Each structure stands twice: as C-alpha cells, then as structure tokens.
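Visitor: I am new to this structure and would like to go through it step by step. Please show it first.

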Amino acid sequence: DWPQNRPLRGAEGGANHADEVAVTGRVTDQQTGEPLAHFQVTPGAVDLTWKRNSWDIQKTVDGTNGFYKVYLDKKWSQPILKVEAEGYLPASVLLRPLEQTNADLALEKGSRPSGTVVTPAGEPVAKEDVLLVCADSDQPGFDYEGHFYARQNKQQLTTTDAKGRFALAPQLGMRSVAV
C-alpha cells in the first residue's frame with residue numbers, strides 16, 4: 001500500500017477509498033426537524049481503553065442542505081462521528097454495528113461558553129488564561145511558566161481581553177471552565 005506501489009493518477013483524480021467505508025446521513029435542527037444548511041462532520045475512533053475519542057480532522061467534510069458523506073478507516077475498532085455547526089452544540093454518534101453506513105443526527109441550538117473573569121472585589125482580570133475542560137479531549141496541563149495548555153484542541157484555550165471577557169467555541173463533552 002506504499003505510494004510508489006500505487007498506479008499513477010492524473011486527470012481522473014479522486015481518492016482511493018479501498019480501505020475505507022462510506023457513511024452518509026442527514027443532520028437536522030432538533031427543535032424544528034429542518035435540515036441544517038451548513039455543518040462539518042469529522043470521523044474518529046473511540047479509544048475503549050482510555051475512554052476518549054481521537055478525531056481524524058484531515059478527513060473532516062462539509063455537509064450542506066442536511067446531507068453529508070464521509071469516509072472512515074475500516075481498521076478502526078469503534079468508529080464515531082462528530083458534527084459541528086455554527087449556533088449549535090456539537091454532537092457525536094457511535095457507529096454500531098460497526099458496518100453501519102448511515103447515521104442521522106439532530107443538533108441542539110446552543111451558544112458558546114463565555115463570561116467575565118473578575119477578582120473577589122469585582123475588578124476585571126485581563127490577560128488571564130481560560131480553559132474549557134472537556135471529557136472528550138486529552139487532559140490539559142500546565143507549561144513550565146504555570147500557564148494552561150491544551151495538547152490537541154487549541155480551541156479549548158483562550159485569554160481574557162482588557163475587560164476580563166472571554167468566549168470559547170463550543171466543544172464536545174464540555175464540563176467546566178478553569179481560570
């Protein structure tokens with residue numbers, strides 16, 4: 001399966017999906033049942049030992065008018081899909097049985113975690129690290145200077161502005177905010 005052993009490709013283009021399975025589905029608004037105009041679907045796998053998900057962000061696809069098609073590696077022991085759309089909370093679906101080739105999801109409207117960091121006296125705190133702790137991701141940590149860092153998902157970390165305000169993109173498995 002080395003690249004030098006594969007046939008040359010030219011104008012016919014296209015990717016080789018021989019080691020993948022195509023999954024299609026529909027994404028709708030949970031309240032109205034209407035198809036979402038635009039969203040992203042990211043394939044991944046559940047690590048059953050460590051109970052966390054790993055996402056293949058290079059294979060993220062855009063879905064439109066409620067429909068999507070994504071390719072999953074046939075070697076993944078427990079495939080999962082993550083769906084994200086502006087104005088909605090992210091959702092995921094396990095593909096069971098493993099040969100499942102259709103997965104529909106309904107997303108719930110929601111907003112991004114945001115707020116203002118203040119001292120006990122009520123003064124805003126500028127340039128403070130804010131971390132969104134999620135069950136879905138690798139555990140965040142501290143660097144050598146004592147600042148938060150997120151290993152995989154940089155969207156989980158931000159800094160407050162001059163007025164102490166922050167806003168983070170909603171993430172799958174959101175648990176709490178740490179400052």
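Guide: One definition is needed to begin: buried means under 20% relative accessible area, exposed means over 50%, and partly exposed lies in between. The model shown is predicted.

Visitor: Is His147 buried, exposed or partly exposed?

Guide: The relative accessible area of His147 is 36%. Buried requires a value under 20% and exposed a value over 50%. With 36%, His147 therefore counts as partly exposed.

Visitor: Where in the chain is His147 found?

Guide: Strand 11 covers 141–142 and strand 12 covers 148–149. His147 is found in the loop between strand 11 and strand 12.

Visitor: What distance separates the C-alpha atoms of His147 and Val179?

Guide: Along the chain, His147 and Val179 are 32 residues apart. In space, their C-alpha atoms are separated by 9.8 Å.

Visitor: How many helices and strands does the protein have?

Guide: The protein has 179 residues, and 33% of them are buried. Its secondary structure comes to zero helices and 15 strands.

Visitor: Which strand gives the most residues to the largest nonpolar core?

Guide: The largest nonpolar core has 18 residues, and Val23, Phe39, Tyr68, Leu81 and Leu107 have the most contacts inside it. Elements giving two or more residues to this core include strand 1 (20–29), strand 2 (38–47) and strand 5 (67–73). The one that gives the most, with three residues, is strand 5.

Visitor: How many residues are in the second, separate core?

Guide: Val125, Val130, Cys134 and Phe166 are among the residues of the second core. This separate core has seven residues.

Visitor: What kind of aromatic pair do Phe39 and Tyr68 form?

Guide: A search of the whole structure finds one aromatic pair. Its rings, those of Phe39 and Tyr68, are 6.4 Å apart centre to centre, with 85° between the planes. Planes over 60 degrees apart count as edge-to-face. The pair of Phe39 and Tyr68 is therefore edge-to-face.

Visitor: How many residues apart along the chain are Phe39 and Tyr68?

Guide: Both Phe39 and Tyr68 are buried. Phe39 is in strand 2 and Tyr68 is in strand 5, so the pair links distant parts of the chain by the strand numbering used here. The separation between Phe39 and Tyr68 is 29 residues.

Visitor: What share of the contacts with a separation of 6 or more comes from residues 24 or more positions apart?

Guide: Phe39 is in contact with Val61, Tyr68 and Val83, among others. Across the protein, among contacts with a separation of 6 or more, the share from residues 24 or more positions apart is 62%.

Key: Residues numbered from 1 in each chain as written. Predicted model: local features only at pLDDT ≥ 70, side-chain atom pairs only at ≥ 80, totals over all residues. Heavy atoms only, no water. Helix = DSSP H or I, 4+ residues; strand = E, 2+ residues; numbered from the N terminus. Buried < 20%, exposed > 50% of the residue type's maximum accessible area, 1.4 Å probe, protein only. Contact = heavy atoms within 4.5 Å. Core = buried A, V, L, I, M, F, W, Y, C linked by side-chain atoms within 4.5 Å. Phe/Tyr/Trp six-rings, centres within 6.5 Å; stacked < 30°, edge-to-face > 60°. Lists of a residue's contacts leave out its neighbours within four places in sequence.
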